[in-house]
Amino acid sequence: MLRRERPTQARGRRKFLRLLGGVAAAGAAGIGFQAQAASGRVVVIGGGFGGATAAKYIRLWSTGIEVTLVERDAEFVSCPLSNRILAGTTTLADLTRSYDQLSGRHGVAVLRDEATDIDVEKQIVTLASGRKLPYDRLIVSAGLDLDYSGIPGLKSAAARERVLHAWKAGPQTVALRQQIEAMPDGGVFAVTVPVAPYRCPPGPYERACQVAWYFKLNKPKSKVLILDANQKVASKGALFQQAWDELYPGLVEYVPNSELADVDAASLTAKLLFDDVKADVLNVIPPMKAAAIAERAGLITANHKWCGVDFLSYESLAQKNVHVLGDAVLAAPLMPKSGHMANQHAKVCAAAIIALLRGDTVNQHPMINNTCYSFVSGADAMHIASVHRYDPEKKTMLPVPDSGGLSVAPNELEGRYAEAWARNIWADMLG
Amino acid sequence: MTGLCCGRRAAMVAMLWLAVPAAFAVDEHPGRSLAANCTGCHGTQGRSTGGMPSLAGLDRSYILNALEEFKSGARAATVMQQHAKGYTEAQFALMADYFAAQKAR
């Protein structure tokens, strides 16, 4: 009786579960089977690299588990590669993918809605529409919120329309490209980098390269200024420095230890501790923390920002039956906040949730890896790679000694790999 | 309740459904979770959408040999040497078993 279902039974049961789902959605209650149906019910909040991958892989690796994905946007838009929009080599449409195959091929119920509340005791998610989703296991892969609390000058919506973040790929990325295009030659594009950790450690430096590449070809008297709150470049430092020196001499200036104190949006001035820097286009990447829904559910365990998890299952250290993936996770040593990492978290979590719903123990030796490409020009890219394994004594993921590394130098081949990486990982999460 | 009215077939399915536990793992190949480390770049179940080699259905010994050569440095690569150094020979064998067992398309 505990053996694998025969395919015909599996199909029949899936059909039946769908039927039950439909009835539940219609608001009918008191059906005898509902309790059992609920015993295999997973709700996923957020359809990014973590959430979409988890939803797909739970369905791929099991039968009989109902998976509902709650995503507020109609389509997925990739942050990776979005800095290329600033250079004009990529469009938002190139980075946009549909959720259709998650439902059509994998039987994930995709709801365009937003989670507004999580009752961790009753195990119910409430959505903006008012709909309530009971769960046996909940995956919160809601990403990050940009934290403007320390930047009074960017409190108003008007100020934030003038000083963009463009740190979530979408309309802001396109608007920042328009600001750069409208800037006269000889102007200054200044980008501020928050104290690490933040989403995509090499991202701000890649952005500087992309804007510099556009300037070099179109506005050669202009300048890119990187105001970094950190002491040094957070990722691929030597390679970025080399790119700025060799590809963009005199065009890129890097200023470490430049924490932003405030902004005057009207004059596009970044107010540092000891200095005011006026720009023609000011791009403030603010500090980040786990999305508000994680805070409301009591998932934040560290620095009022991040969610501690058990790296064997990504179950929250604070709330039972709730798993957290991706950038919101309190990272293990040398674990970057990247889309690739979220995709890897998701697969460990998917396998663990399937095991837990069956009453099995989870894999005690999970492995994950990261590959992250950055474009330094129109076509040339470079990478950083790492492999991480679970350390049972320290109860965390640690890099495997002597593994991982960086490109020797950026090149076109890696640029093609970067594009192939993106297409493949989008398909791995959504296709 | 008319929405539930599917006759005997539904009743049968319901009985079967009650008789089995809530969740079944399928495709529990012992290399499944390890191989999932590779599939972000090489495609779900090793079926790449292009630009990276597909691994699904390749000969087990070919995959194993490639991984060992990446690890030793004998085979040139951009990222694969760095990844291969993170895994053991026993893990390579599990990954190779898994991908060799997948249908190419």
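**Exercise 1. A covered strand and its hairpin**

Task: In this predicted model, find how many residues of β23(A) are buried, and say which way they point.

Solution.
Step 1. Count the buried residues. Nine of the nine residues of β23(A) are buried, so the strand is mostly covered.
Step 2. Sort them by direction. Met367(A), Asn369(A), Thr371(A), Tyr373(A) and Phe375(A) point one way. Ile368(A), Asn370(A), Cys372(A) and Ser374(A) point the other way. Residues on both sides are buried.
Step 3. Find the partner strand. β23(A) and β24(A) run antiparallel and are joined by nine bridges. Phe375(A) has Ala381(A) as its bridge partner in β24(A).
Step 4. Name the motif. The two strands form a hairpin, with five residues between them.

**Exercise 2. An aspartate in the loop**

Task: Decide whether Asp380(A) is buried or exposed, and list its contacts beyond four places in sequence.

Solution.
Step 1. Place the residue. Asp380(A) sits in the loop between β23 (367-375) and β24 (381-391) of chain A.
Step 2. Count neighbours. Asp380(A) has 21 other C-beta atoms within 10 Å. The cut-off for buried is 20 or more, so Asp380(A) is buried.
Step 3. List the contacts. Leaving aside neighbours within four places in sequence, they are Phe375(A), Pro410(A), Asn411(A), Glu412(A) and Gly415(A).
Step 4. Check a distance. Arg416(A) is 36 residues from Asp380(A) along the chain, and their C-alpha atoms are separated by 8.3 Å.

**Exercise 3. A sheet of three strands**

Task: Give the strand order of the open sheet that contains β15, β16 and β17 of chain A, and name its edges.

Solution.
Step 1. Read the order. It is β15-β16-β17, and the pairing is antiparallel.
Step 2. Find the edges. β15 (260-264) and β17 (276-278) of chain A each pair on one side only, so they are the edge strands.
Step 3. Add the twist. From one strand to the next it averages 20°.
Step 4. Look at one pair. Four bridges link β15(A) to β16(A), residues 269-272, in the antiparallel sense. Asp262(A) has Lys271(A) as its bridge partner in β16(A).

**Exercise 4. Unusual backbone**

Task: What is the sign of phi in Leu268(A) and Tyr314(A), and which peptide bond to Pro197(A) is cis?

Solution.
Step 1. Recall the background. Most residues other than glycine have a negative phi, and most peptide bonds are trans.
Step 2. Take the leucine. Leu268(A) is not a glycine, yet its phi is positive, about 50°. Leu268(A) lies in the loop between β15 and β16 of chain A. It has 18 C-beta neighbours inside 10 Å, so it counts as partly exposed.
Step 3. Take the tyrosine. Phi of Tyr314(A) is also positive, near 65°. Tyr314(A) is found in the loop between β20 (309-310) and β21 (315-316) of chain A. It is buried, with 28 other C-beta atoms within 10 Å.
Step 4. Take the proline. The bond from Ala196(A) to Pro197(A) is cis, with omega near 5°. Pro197(A) belongs to the loop between β12 (188-193) and α8 (203-218) of chain A.

**Exercise 5. The nonpolar core**

Task: How many residues are in the largest nonpolar core, and which have the most contacts inside it?

Solution.
Step 1. Recall the background. In soluble globular proteins, nonpolar side chains tend to be buried together.
Step 2. Give the count. The largest nonpolar core has 151 residues. Those with the most contacts inside it are Ile58(A), Val140(A) and Ala294(A).
Step 3. Find the main contributor. Helix α11 (residues 339-358) of chain A gives the largest share, eleven residues.
Step 4. Look around one member. Leaving aside neighbours within four places in sequence, Ala294(A) is in contact with residues including Val140(A), Leu299(A), Cys307(A) and Ala328(A).

**Exercise 6. Two helices in chain B**

Task: Outline chain B, then describe the crossing of α4(B) and α6(B).

Solution.
Step 1. Set the scene. Chain B has six helices and one strand, in the pattern α-β-α-α-α-α-α. Of its 105 residues, 39% count as buried.
Step 2. Give the geometry. The axes of α4 (residues 60-72) and α6 (residues 89-100) of chain B come within 8 Å and cross at roughly 145°. The crossing is right-handed.
Step 3. Name some residues. Among those in the contact are Ile63(B) and Leu67(B) of α4(B), and Phe92(B) and Ala96(B) of α6(B).
Step 4. Classify the contact. It has eight nonpolar residues, no polar ones and three charged.

Note on methods: Residues are numbered from 1 along each chain as its sequence is written. Chains are lettered from A and ligands numbered from 1 in the order in which they are written. This is a predicted model: local features need pLDDT of at least 70, side-chain atom pairs count only at pLDDT 80 or more; totals for chains, interfaces and linings use all residues. A nonpolar core is a set of buried Ala, Val, Leu, Ile, Met, Phe, Trp, Tyr and Cys residues joined through C-beta atoms within 7 Å. A residue is buried if 20 or more other C-beta atoms lie within 10 Å of its own, exposed if 12 or fewer, and partly exposed in between; C-beta atoms are placed from the backbone. Two residues are in contact if their C-beta atoms, placed from the backbone, lie within 7 Å. Axes are lines fitted to C-alpha atoms, for helices over the stretch in contact, and angles run from 0 to 180 degrees between N-to-C directions. A crossing is left-handed if the near helix is turned anticlockwise from the far one by less than a right angle, and right-handed if clockwise. Ala, Val, Leu, Ile, Met, Phe, Trp, Tyr, Cys and Pro count as nonpolar, Asp, Glu, Lys and Arg as charged, and the others, Gly among them, as polar.
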